[in-house]
Amino acid sequence: MATSRPTKATAGSRAGQANRADRADRALAYLESAKNLTGSACALGGLALTFTGLAGAYWPVVVAGLYGAGALIAPPTRPPAPRFPDPTSRLDGLRKDFTTLREYLTQVDLPPAATERLDSLRELLDRLLTPGWVSEALAQDPEGIHVLARAVHRDLPESVDTYVRTRWWTRMAPGRQDPEEQLMRQLALLHGEVEELVAGLREAEEIRQQTHTRYLEDRGAENTYGTGTVPGT
């Protein structure tokens with residue numbers, strides 16, 4: 001069955017409709033703009049002058065001039081500023097993914113030493129992601145969020161899954177390296193990376209506290225000098 005193709009006339013008609021709709025939208029936008037509203041208000045003032053006889057025979061010029069002046073002094077149209085997702089919304093999605101990861105880890109059979117190391121890392125991640133002032137501080141650190149997202153989405157599941165697959169092959173044909181040893185090294189590296197993140201957040205809070213102390217000290221010194229009292233006397 002032959003299918004009909006749009007002709008040039010049809011395409012031109014659609015383009016014309018789109019152009020007319022675009023012109024109508026722009027006209028409506030101007031009618032609602034501050035320039036038109038301010039100019040219209042000034043033009044109404046010109047009409048008031050006309051009714052009182054002050055504008056004389058040149059009232060159309062007066063009204064048009066006042067409208068143009070009002071349109072010129074009106075503030076330009078300000079486009080709305082773009083709105084981006086709140087940083088805390090990224091943590092909300094990361095918390096859901098971390099819950100999925102924990103459910104997966106509970107199903108994996110790991111050696112006792114690896115399980116202990118994994119539990120320690122999992123507890124550290126959980127404390128960082130639990131809603132509260134810690135996660136609020138983390139939300140202001142894009143690099144910290146990236147570190148956690150990388151650990152949850154890729155590094156940690158990859159380490160565990162690679163261990164499970166390699167362990168199976170080792171049972172079939174023993175290799176030169178112990179899969180458990182590799183897993184322990186990977187978990188230790190991940191744990192150290194997250195600990196560095198925690199240390200960075202703690203340092204940021206310490207700097208914030210020290211900055212506030214200096215601010216209070218400087219303010220106290222200014223108040224002392226303002227009252228004419230010399231410190232230490």
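**Notebook: the largest pocket and S135**

I looked up which elements line the largest pocket, and found that α5 (112–129), α6 and α8 (179–226) each supply at least two residues of the lining; helices here are DSSP runs of H or I with at least four residues, numbered from the N terminus. I note that this is a predicted model, in which local features need pLDDT of at least 70 and side-chain atom pairs count only at pLDDT 80 or more, while totals for chains, interfaces and linings use all residues. Residues are numbered from 1 along each chain as its sequence is written, and side-chain values use heavy atoms, with hydrogens and water left out.

α8 gives the most to this lining, with 4 residues. I recorded the lining as 7 nonpolar, no polar and 3 charged residues, with Asp, Glu, Lys and Arg counted as charged, Ala, Val, Leu, Ile, Met, Phe, Trp, Tyr, Cys and Pro as nonpolar, and the others, Gly among them, as polar. Among the lining residues I listed L128, W133, R202 and E205.

I then turned to S135, which is found in helix α6 (residues 133–139). S135 counts as buried because its relative accessibility is 4%, where buried means under 20% relative accessible area with a 1.4 Å probe and protein chains only. For contacts (heavy atoms within 4.5 Å), I found that S135 touches L91, R95, L128, L129 and T130, leaving out residues up to four places away in sequence. The side chain of S135 also reaches the backbone oxygen of T130 at 3.4 Å, and a polar atom of that side chain lies 2.9 Å from the backbone oxygen of G132.

Note on methods. Buried means under 20% relative accessible area, exposed over 50%, partly exposed in between (1.4 Å probe, protein chains only). A polar contact is a pair of N or O atoms within 3.5 Å; within protein, one must be able to donate a hydrogen and the other to accept it, and residues adjacent in sequence count only if both atoms are side-chain atoms. On a 1 Å grid over the protein atoms alone, a cavity is a set of points where a 1.4 Å probe fits but cannot get out, and a pocket is an open set with protein on both sides within 12 Å along at least five of seven lines; lining residues have an atom within 4 Å of a point.
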